[in-house]
Amino acid sequence: TGNTFLVPDDYNTIQSAIDAANEGDIVLVGPGEYSGYGNRDINFQGKAITVRSSHGQFHTTILCEGSAGDPHSGFIFNSGEGHASVVSGFQIRNGYNQFGGAVLCQDASPVIEDCSFVNNFCTTHGCVIYLNNSNLVVNKCIFDTEGCQRSAVFADGDSRLCVYNSEFKNGSIAINGYRDSTYQIFNCLFYDLESGIRAESY
(Lines give C-alpha, C1' and ligand atoms only; values in the text may rest on other atoms or scores of the structure.)
Protein backbone atom coordinates (compact mmCIF):
# COMPACT_ATOMS: atom_id res chain seq x y z
CA THR A 1 0.00 0.00 0.00
CA GLY A 2 1.06 3.54 -0.71
CA ASN A 3 1.19 6.70 1.35
CA THR A 4 -1.71 9.05 2.09
CA PHE A 5 -1.33 12.79 1.53
CA LEU A 6 -3.86 14.94 3.39
CA VAL A 7 -5.38 18.14 2.00
CA PRO A 8 -5.47 20.69 3.57
CA ASP A 9 -3.73 19.30 6.68
CA ASP A 10 -0.43 18.42 5.00
CA TYR A 11 -0.74 20.27 1.67
CA ASN A 12 -2.50 23.53 0.95
CA THR A 13 -3.78 22.49 -2.48
CA ILE A 14 -4.82 19.32 -4.26
CA GLN A 15 -2.21 19.85 -6.96
CA SER A 16 0.66 20.21 -4.48
CA ALA A 17 -0.32 16.90 -2.90
CA ILE A 18 -0.42 15.23 -6.33
CA ASP A 19 3.00 16.68 -7.11
CA ALA A 20 4.38 14.97 -4.00
CA ALA A 21 2.60 11.64 -4.55
CA ASN A 22 3.95 8.54 -6.24
CA GLU A 23 2.38 5.47 -7.81
CA GLY A 24 -0.12 3.78 -5.52
CA ASP A 25 -0.50 6.76 -3.19
CA ILE A 26 -3.76 8.38 -2.09
CA VAL A 27 -4.48 12.09 -1.96
CA LEU A 28 -7.25 12.44 0.64
CA VAL A 29 -9.13 15.73 0.53
CA GLY A 30 -11.05 16.99 3.54
CA PRO A 31 -14.52 18.58 3.36
CA GLY A 32 -14.90 22.14 2.12
CA GLU A 33 -14.74 24.26 -1.01
CA TYR A 34 -11.52 24.33 -3.02
CA SER A 35 -10.78 27.04 -5.57
CA GLY A 36 -7.99 29.02 -7.15
CA TYR A 37 -4.53 28.01 -8.27
CA GLY A 38 -3.73 24.41 -7.39
CA ASN A 39 -7.37 23.48 -6.90
CA ARG A 40 -8.51 23.70 -10.53
CA ASP A 41 -6.98 22.50 -13.80
CA ILE A 42 -5.69 19.69 -11.60
CA ASN A 43 -3.28 17.44 -13.49
CA PHE A 44 -2.34 13.89 -12.46
CA GLN A 45 0.88 14.14 -14.51
CA GLY A 46 0.51 10.51 -15.56
CA LYS A 47 0.56 9.17 -12.00
CA ALA A 48 -1.32 6.03 -10.99
CA ILE A 49 -2.81 7.53 -7.84
CA THR A 50 -6.24 8.05 -6.27
CA VAL A 51 -7.54 11.52 -5.45
CA ARG A 52 -10.64 11.25 -3.30
CA SER A 53 -12.58 13.17 -0.73
CA SER A 54 -12.91 11.96 2.84
CA HIS A 55 -16.59 12.94 3.18
CA GLY A 56 -18.01 12.57 -0.33
CA GLN A 57 -19.26 14.76 -3.15
CA PHE A 58 -21.90 16.61 -1.14
CA HIS A 59 -19.30 17.89 1.31
CA THR A 60 -16.31 18.51 -0.97
CA THR A 61 -16.52 20.95 -3.87
CA ILE A 62 -14.04 22.01 -6.51
CA LEU A 63 -14.96 25.50 -7.70
CA CYS A 64 -13.37 25.99 -11.12
CA GLU A 65 -14.46 29.64 -11.45
CA GLY A 66 -14.08 29.45 -15.23
CA SER A 67 -15.38 32.04 -17.68
CA ALA A 68 -15.04 33.00 -21.32
CA GLY A 69 -12.25 35.41 -20.46
CA ASP A 70 -10.58 33.10 -17.94
CA PRO A 71 -11.30 29.44 -18.80
CA HIS A 72 -10.70 26.71 -16.21
CA SER A 73 -11.69 23.08 -15.72
CA GLY A 74 -11.57 20.82 -12.70
CA PHE A 75 -9.26 18.02 -13.88
CA ILE A 76 -6.99 17.57 -16.90
CA PHE A 77 -5.73 14.12 -17.93
CA ASN A 78 -3.23 14.38 -20.78
CA SER A 79 -0.21 12.34 -19.73
CA GLY A 80 -1.23 8.78 -20.54
CA GLU A 81 -3.02 8.06 -17.29
CA GLY A 82 -4.64 4.63 -17.01
CA HIS A 83 -7.44 3.10 -14.94
CA ALA A 84 -5.25 3.27 -11.82
CA SER A 85 -5.66 7.06 -11.94
CA VAL A 86 -8.88 7.66 -10.01
CA VAL A 87 -10.94 10.70 -9.01
CA SER A 88 -13.59 9.96 -6.39
CA GLY A 89 -16.10 11.87 -4.31
CA PHE A 90 -16.17 15.49 -5.51
CA GLN A 91 -18.69 17.97 -6.76
CA ILE A 92 -17.16 19.96 -9.60
CA ARG A 93 -18.83 23.29 -10.31
CA ASN A 94 -18.55 26.34 -12.53
CA GLY A 95 -16.09 25.02 -15.08
CA TYR A 96 -15.83 26.78 -18.44
CA ASN A 97 -13.52 25.76 -21.27
CA GLN A 98 -13.45 25.13 -24.99
CA PHE A 99 -13.29 21.36 -24.51
CA GLY A 100 -14.44 19.73 -21.28
CA GLY A 101 -15.88 22.29 -18.91
CA ALA A 102 -15.17 20.08 -15.89
CA VAL A 103 -12.83 17.33 -17.14
CA LEU A 104 -10.54 17.00 -20.16
CA CYS A 105 -9.16 13.59 -21.18
CA GLN A 106 -6.63 13.57 -24.00
CA ASP A 107 -4.85 10.26 -24.70
CA ALA A 108 -5.68 9.11 -21.17
CA SER A 109 -7.91 6.53 -19.48
CA PRO A 110 -8.76 7.53 -15.90
CA VAL A 111 -11.66 6.47 -13.70
CA ILE A 112 -14.15 9.02 -12.33
CA GLU A 113 -16.52 7.81 -9.63
CA ASP A 114 -19.00 9.16 -7.08
CA CYS A 115 -18.79 12.69 -8.46
CA SER A 116 -21.40 15.28 -9.36
CA PHE A 117 -21.13 18.03 -11.95
CA VAL A 118 -23.08 21.28 -11.76
CA ASN A 119 -23.04 24.47 -13.84
CA ASN A 120 -20.21 23.53 -16.20
CA PHE A 121 -20.01 24.88 -19.75
CA CYS A 122 -17.99 24.57 -22.95
CA THR A 123 -17.73 26.51 -26.18
CA THR A 124 -17.07 23.53 -28.48
CA HIS A 125 -17.61 20.02 -27.05
CA GLY A 126 -18.34 18.46 -23.68
CA CYS A 127 -19.95 20.75 -21.12
CA VAL A 128 -18.77 18.34 -18.44
CA ILE A 129 -16.31 15.87 -19.99
CA TYR A 130 -14.45 15.79 -23.29
CA LEU A 131 -12.40 12.74 -24.20
CA ASN A 132 -10.23 12.24 -27.27
CA ASN A 133 -8.36 9.01 -28.01
CA SER A 134 -9.14 7.95 -24.45
CA ASN A 135 -10.74 5.07 -22.55
CA LEU A 136 -12.77 6.63 -19.76
CA VAL A 137 -14.73 4.87 -17.02
CA VAL A 138 -17.44 6.81 -15.18
CA ASN A 139 -19.34 5.24 -12.28
CA LYS A 140 -21.99 6.58 -9.89
CA CYS A 141 -21.87 10.17 -11.12
CA ILE A 142 -24.54 12.87 -11.48
CA PHE A 143 -24.51 15.20 -14.50
CA ASP A 144 -26.66 18.32 -14.15
CA THR A 145 -26.20 20.36 -17.34
CA GLU A 146 -29.00 22.89 -17.01
CA GLY A 147 -28.37 25.84 -19.31
CA CYS A 148 -25.73 24.11 -21.43
CA GLN A 149 -26.65 23.78 -25.10
CA ARG A 150 -24.04 21.12 -25.87
CA SER A 151 -23.54 17.53 -24.77
CA ALA A 152 -22.61 16.67 -21.21
CA VAL A 153 -20.03 14.09 -22.34
CA PHE A 154 -18.41 14.16 -25.76
CA ALA A 155 -16.28 11.27 -27.03
CA ASP A 156 -13.98 12.08 -29.95
CA GLY A 157 -11.33 10.25 -31.92
CA ASP A 158 -10.86 6.56 -31.18
CA SER A 159 -12.31 6.74 -27.68
CA ARG A 160 -14.13 4.19 -25.53
CA LEU A 161 -16.57 5.52 -22.97
CA CYS A 162 -17.99 3.33 -20.20
CA VAL A 163 -20.68 4.88 -17.99
CA TYR A 164 -22.30 2.93 -15.17
CA ASN A 165 -24.92 3.70 -12.52
CA SER A 166 -25.04 7.40 -13.37
CA GLU A 167 -27.65 10.12 -13.84
CA PHE A 168 -28.01 12.73 -16.58
CA LYS A 169 -30.51 15.57 -16.26
CA ASN A 170 -31.48 19.10 -17.29
CA GLY A 171 -29.68 19.74 -20.55
CA SER A 172 -29.37 19.26 -24.27
CA ILE A 173 -27.60 15.95 -25.03
CA ALA A 174 -26.33 13.50 -22.42
CA ILE A 175 -23.67 11.70 -24.47
CA ASN A 176 -22.41 12.46 -27.96
CA GLY A 177 -19.58 11.05 -30.01
CA TYR A 178 -17.85 11.37 -33.38
CA ARG A 179 -15.65 9.24 -35.55
CA ASP A 180 -14.66 5.83 -34.13
CA SER A 181 -15.80 6.28 -30.54
CA THR A 182 -17.71 3.48 -28.82
CA TYR A 183 -19.90 3.41 -25.71
CA GLN A 184 -20.91 1.05 -22.97
CA ILE A 185 -23.81 2.47 -20.96
CA PHE A 186 -25.32 0.45 -18.10
CA ASN A 187 -27.95 1.23 -15.47
CA CYS A 188 -28.10 4.99 -16.13
CA LEU A 189 -30.99 7.45 -15.81
CA PHE A 190 -31.74 10.13 -18.42
CA TYR A 191 -34.41 12.78 -17.86
CA ASP A 192 -35.34 16.36 -18.73
CA LEU A 193 -32.99 16.23 -21.72
CA GLU A 194 -33.44 17.07 -25.39
CA SER A 195 -31.59 13.89 -26.34
CA GLY A 196 -30.02 10.95 -24.51
CA ILE A 197 -27.27 9.36 -26.60
CA ARG A 198 -26.21 10.51 -30.06
CA ALA A 199 -23.57 9.13 -32.41
CA GLU A 200 -22.36 11.10 -35.42
CA SER A 201 -19.56 10.89 -37.96
CA TYR A 202 -17.57 13.39 -40.00
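This report describes the fold, strand pairing, selected loop residues and salt bridges of a predicted model.

## Overall architecture

The chain is built from 1 helix and 22 strands. Its radius of gyration is 15 Å, close to the 17 Å that the globule rule gives for 202 residues, so the chain is as compact as a globular protein of that length. Along the principal axes, the C-alpha atoms fill a box of roughly 45 × 35 × 30 Å.

Of the 202 residues, 53% count as buried. The chain exposes about 8,600 Å², and carbon and sulfur atoms supply 44% of that area. Among contacts between residues at least 6 apart in sequence, 67% join residues at least 24 apart.

## Strand 18 and its neighbours

Strand 18 covers residues 153-156 and pairs with two strands named here. With strand 15 (residues 129-132) the pairing is parallel and runs over 4 bridges. With strand 20 (residues 167-177) the pairing is also parallel, over 3 bridges. Individual positions can be assigned on each side: Val 153 of strand 18 is the bridge partner of Ile 129, and Phe 154 stands opposite Asn 176 in strand 20.

In a regular strand the side chains alternate between the two faces of the sheet. In strand 18, Val 153 and Ala 155 lie on one side, while Phe 154 and Asp 156 lie on the other. These four residues are all buried, and both faces of the strand are therefore covered, a residue being counted as buried when its relative accessible area is under 20%.

## The loop between strands 13 and 14

Asn 120 sits in the loop between strand 13 (116-118) and strand 14 (121-125). Despite the loop position, Asn 120 is buried, with a relative accessible area of 2%. Its side chain approaches the backbone at two consecutive positions: a polar atom of that side chain lies 2.7 Å from the backbone nitrogen of Gly 95, and the side chain reaches the backbone nitrogen of Asn 94 at 3.5 Å. Leaving aside residues up to four places away in sequence, Asn 120 touches Ile 92, Arg 93, Asn 94, Gly 95, Gly 101, Ala 102, Cys 127 and Cys 148.

Asn 119 belongs to the loop between strand 13 and strand 14. At 34% relative accessibility, Asn 119 counts as partly exposed, whereas Asn 120 is buried. The side chain of Asn 119 makes a polar contact of 2.7 Å with the side chain of Asn 94. With residues up to four places away in sequence again left out, Asn 119 touches Arg 93, Asn 94, Gly 95 and Asp 144. Asn 94 is thus in polar contact with the side chain of Asn 119 and is reached at its backbone nitrogen by the side chain of Asn 120. The C-alpha atoms of Asn 119 and Gly 80, 39 residues apart along the chain, are separated by 28 Å.

## Backbone features in other loops

A cis peptide bond joins Val 7 and Pro 8, with omega at about 5°. Pro 8 is found in the loop between strand 1 (4-7) and helix 1 (14-20).

Asp 107 has a positive phi, near 55°, in a residue other than glycine. Asp 107 lies in the loop between strand 11 (103-106) and strand 12 (111-113), and at 42% relative accessibility it counts as partly exposed. Asn 187 likewise has a phi near 55°. Asn 187 is found in the loop between strand 21 (182-186) and strand 22 (189-199), and its relative accessibility of 54% makes it exposed.

## Salt bridges

Side chains of opposite charge can pair when their charged atoms come close. The count for this chain comes to 2 salt bridges. One of them joins the side chains of Glu 65 and Arg 40, at 3.5 Å from N to O. Glu 65 lies in the loop between strand 6 (60-63) and strand 7 (75-77), and Arg 40 in the loop between strand 3 (32-35) and strand 4 (42-43), so the pair ties together parts that are 25 residues apart in sequence. Glu 65 is partly exposed, with a relative accessible area of 42%, whereas Arg 40 counts as buried at 17%.

In the other salt bridge, the side chains of Lys 169 and Glu 167 meet at 3.7 Å, N to O. Glu 167 is buried, with a relative accessible area of 18%.

Definitions and conventions
Residues are numbered from 1 along each chain as its sequence is written. This is a predicted model: local features need pLDDT of at least 70, side-chain atom pairs count only at pLDDT 80 or more; totals for chains, interfaces and linings use all residues. Side-chain values use heavy atoms; hydrogens and water are left out. Buried means under 20% relative accessible area, exposed over 50%, partly exposed in between (1.4 Å probe, protein chains only). A polar contact is a pair of N or O atoms within 3.5 Å; within protein, one must be able to donate a hydrogen and the other to accept it, and residues adjacent in sequence count only if both atoms are side-chain atoms. Contact means heavy atoms within 4.5 Å. A salt bridge is a side-chain nitrogen of Lys or Arg within 4 Å of a carboxyl oxygen of Asp or Glu. The radius of gyration is taken over C-alpha atoms; the globule rule is 2.2 Å times the number of residues to the power 0.38. Accessible areas come from the Shrake-Rupley method with a 1.4 Å probe; for residues, only the protein chains shown count as cover. Two strands pair if DSSP finds at least two bridges between them.
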